[in-house]
Amino acid sequence: MSGQMFLRIVPFIGSAVSLILAIIFAVLVNRKSRGSKRMEEISNSIFQGSRAYLNQQARIMLIFFVVLVAILGVMVKFGYLYFASILAFATGMGFSLLIGYVGMWISTTSNARVTNAAKEKGLGEAMNVAITAASASGLILAAVALLFTGFWFNVLFWWYGRESADMVANLLKVVNISVTFTIGASFAAFFMRTGGGIFTKAADMGADYVGKVESGLREDDYRNPATIADNVGDNVGDVGGMKADSLESWLGAIVAAEFLGFLAFRNLAPLLNSVLLPMLISTAGAVASIIAIFVIKLIIRRYKENATVSILTSTTLAGLLITVGLIIAISYFIVRYTMGAEYNFLFLASTGGIVAGFLIGWFTLLYTDSRYRPTRGIMESAKSGPATYVVNGLAYGMESTILPALTVIAAMIFSFYISHGQTDFQMGLYGVAISAVGMLATAPFVVTIDVYGPISDNAGGIAEMAELPHEVRKTTDKLDSVGNTTAAIGKGILIGSAAVTALALGQAYFSQVELLTTGIVLDFIKDPRILAGLFIGVIMPFFFTSILLGAVGKAANKVVQVARRQIKGILAGKEKGDPKEFITIVTRSAQRGILIPGIAIFVIPTLVGIFLGPGGVIALIIGTLLSGFAQAIFMANAGGAMDNAKKKIEEEGRSGTDEHSASVVGDTVGDPMKDTAGPSMNILIKLISVVAIQTAVLVVDLSGKLFHF
């Protein structure tokens, strides 16, 4: 077997190993007991509600899918796309939807098992079961991402290679078509992440406000009929949606690097290897994540009898460090072997991205963990009421954007100039794209520690609704405390990687336009259309946020009204409550809430390109990236800090006090920011870019007939 042939099958090997281990982990978890009949019934209700929501969402997505395939078909007919682009789009959407379903199934079938482990054997075993289930989700992500990119590259490379021996022309077709399956994955991720976010936060806000503040019930009290919908939301938004989001981010980074690698190396010897390199670094991420998962499982077993929140949190953070260190080490040998010693700067660019991702995760921890100044300051402000609690939360959220932004700037400049960007612009852009791939290579482990949070949260809800002894809920609360920390780190890394990936995709669009036309001048003074495109880009995240928060608010209002009526009847002994009514309310609201954003995200880049030209689209991408990144960090950290401040107040035994009531109100404000609008920014800033890339030929053609460049 030739060296290049071996490199082309490496992603398949990584995918197969990840898939086998994911299946083994899922089987091991399923062998655990689900506990009492009541615990099984609650777990089944959460599963059925999650499945019903995802099925309904799939129906809505199918309508959009048919329309978009028809539009793509027209573009193929007039020569703006290849026919294979339609198949790539369909499989991208299908795999993204599949990974969301699989993630939901794993989490909803393992939650009661975690609860029972906490009841029977304590904190250590409960953590072991939860992390094993979460690992299955993380490795499924790796298996799908590597299989998907490896399959499409090899099939397309073989197919077009049959017609011509011109590898440069063949690779250009391959990388152009690859962009389309990123659109499909991003399309599904947008619906799943955004729709799931509306669902979970509308249910959560209604359940918390009516249950805790108005009725004085405990978290997840069985008498609160909205709690089932709340727990369903954890799975459709924080598991299914987050996994789809992670997949499209990872695919976007790989495809952008492949495209820019082609442009940088099209006249150099290691052309094919430059396109393969992003997939190889991603495979290194899967291998490193597998090793880190086994290490932390061994540590958990070592401390199983004496596990504490501090030990488990430190173990998880150690796993992230191991992942980062191993990716750096493996990437050195990958770059050395595939590209040669003269291109060692690509290893340094990748390392810069990996370190930047870790730093952004750490900065997120500083602003959301209750051990540090921002969250403790928010806790103190609860003494003077909900208004000061919210104001302080928003203030710290805005402050938290500074360090991540500086980190992204540093990573971008470092990777560009270390890759000789001052003398070879295309090579510098490729270095930036490789840094994004390095940052996202940690995705399998990051998703593992992120999915662990909702599983633990569900386990606590089942303990409360099944009326298990108070000690069990205390144990699951400790699991949830670890999950709050890990989820915050995961969100931070994904937001940071989204910014660098969007930057790489934006550069890919600029390069695509340069291949098609000349004379693009990004001068705000000479061409007001550039300024117009920038302004449209800046307001895009505000437009989306207003729609998404409005959808959450409207749905939560209905949940509150129904919850008040049902809880009043339940406490009076007149009715049992109907959880399905809440699921129906938030499902319909979620589907309505994503219709306008779903249309706009495809229409706006195309219209801007036609009427403002390619330069206007470049400005649109820049504006959306800068505005969306800042909003994503701000909303995620403000909401996370207010949530964790509330949880710390509860841990200190101050539930039912005025301070606690203020924190619950603040949490209901922060929740849709961190779990609905904030995460949607990740997808928005990338989807704008990939839609722009795929419509570049159309835009250059049509805009050229309206304007002269």
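Visitor: In this predicted model, does His660 count as buried, partly exposed or exposed?
Guide: His660 sits in helix H19, which spans residues 658–694. The cut-off for a buried residue is under 20% relative accessible area. His660 has a relative accessibility of 6%, so the class is buried.

Visitor: With which side chain does the side chain of His660 make a polar contact?
Guide: A polar contact needs a pair of N or O atoms within 3.5 Å. For the side chain of His660 the distance is 2.8 Å, and the partner is the side chain of Glu650.

Visitor: Is H2 parallel, perpendicular or oblique to H14?
Guide: Helix H2 covers residues 37–77 and helix H14 residues 443–465; their axes are 9 Å apart and the packing angle is about 130°. Angles of 65 to 115 degrees count as roughly perpendicular and those over 145 as roughly antiparallel. The angle for this pair falls in neither range, so H2 is, relative to H14, oblique.

Visitor: Which residues of H14 make the contact with H2, and is the crossing left-handed or right-handed?
Guide: On H2 the contact involves Arg38, Met39, Ile42, Ser43 and Ile46, and on H14 it involves Asn458, Ile462 and Met465. By class, these residues are five nonpolar, two polar and one charged. The crossing of H2 past H14 is right-handed. The H14 residues asked for are thus Asn458, Ile462 and Met465.

Visitor: How many charged residues has the contact of H7 with H14?
Guide: Helix H7, residues 271–302, crosses H14 at roughly 40°, and the axes come within 7 Å; that makes the pair oblique. H7 contributes Gly285, Ala286, Ser289, Ala292, Ile293 and Ile296, while H14 contributes Pro444, Phe445 and Thr448. Six of these residues are nonpolar and three polar, and the number of charged ones is none.

Visitor: Which side chain is joined to that of Glu464 by a polar contact?
Guide: Glu464 is a residue of helix H14. Its relative accessibility is 11%, so Glu464 counts as buried. The polar contact has a length of 3.4 Å, and the other side chain belongs to Arg473.

Visitor: What is the phi of Glu467?
Guide: Glu467 belongs to the loop between H14 and helix H15 (470–516). With 55% relative accessibility, Glu467 counts as exposed. Most residues other than glycine have a negative phi. Glu467 is not a glycine, yet its phi is positive, at about 55°.

Visitor: What is the phi of His420, and where is this residue found?
Guide: His420 is found in the loop between helix H12 (402–418) and helix H13 (425–440). At 37% relative accessibility His420 is partly exposed. Its phi is positive in a residue other than glycine, with a value near 65°.

Visitor: By class, which residues make up the contact of H12 with H13?
Guide: H12 and H13 pack with axes 7 Å apart at an angle of about 135°, which makes them oblique, and the crossing is right-handed. Met412, Ser415 and Phe416 of H12 meet Phe425, Gly428, Leu429, Gly431, Val432 and Ser435 of H13. Gly counts as polar in this scheme. The division is five nonpolar, four polar and no charged residues.

Visitor: With which side chain does Asp369 make a polar contact?
Guide: Asp369 is placed in the loop between helix H9 (345–368) and helix H10 (373–381). At 8% relative accessibility, Asp369 counts as buried. The side-chain contact has a distance of 2.9 Å, and the partner is Arg371.

Visitor: How far apart in space are Asp369 and Gly640?
Guide: Along the sequence, Asp369 and Gly640 are separated by 271 residues. In space, C-alpha to C-alpha, the separation is 8.4 Å.

Visitor: What separates the C-alpha atoms of Leu626 and Gly537?
Guide: Leu626 is part of helix H18, residues 595–651. With 56% relative accessibility, Leu626 counts as exposed. Leu626 and Gly537 are 89 residues apart along the chain, and the distance between their C-alpha atoms is 8.6 Å.

Notes. Residues are numbered from 1 along each chain as its sequence is written. This is a predicted model: local features need pLDDT of at least 70, side-chain atom pairs count only at pLDDT 80 or more; totals for chains, interfaces and linings use all residues. Side-chain values use heavy atoms; hydrogens and water are left out. Axes are lines fitted to C-alpha atoms, for helices over the stretch in contact, and angles run from 0 to 180 degrees between N-to-C directions. Helices (H or I, at least four residues) and strands (E, at least two) are DSSP runs, numbered from the N terminus. Angles under 35 degrees count as roughly parallel, over 145 as roughly antiparallel, 65 to 115 as roughly perpendicular and the rest as oblique. A crossing is left-handed if the near helix is turned anticlockwise from the far one by less than a right angle, and right-handed if clockwise. Contact means heavy atoms within 4.5 Å. Buried means under 20% relative accessible area, exposed over 50%, partly exposed in between (1.4 Å probe, protein chains only). A polar contact is a pair of N or O atoms within 3.5 Å; within protein, one must be able to donate a hydrogen and the other to accept it, and residues adjacent in sequence count only if both atoms are side-chain atoms.
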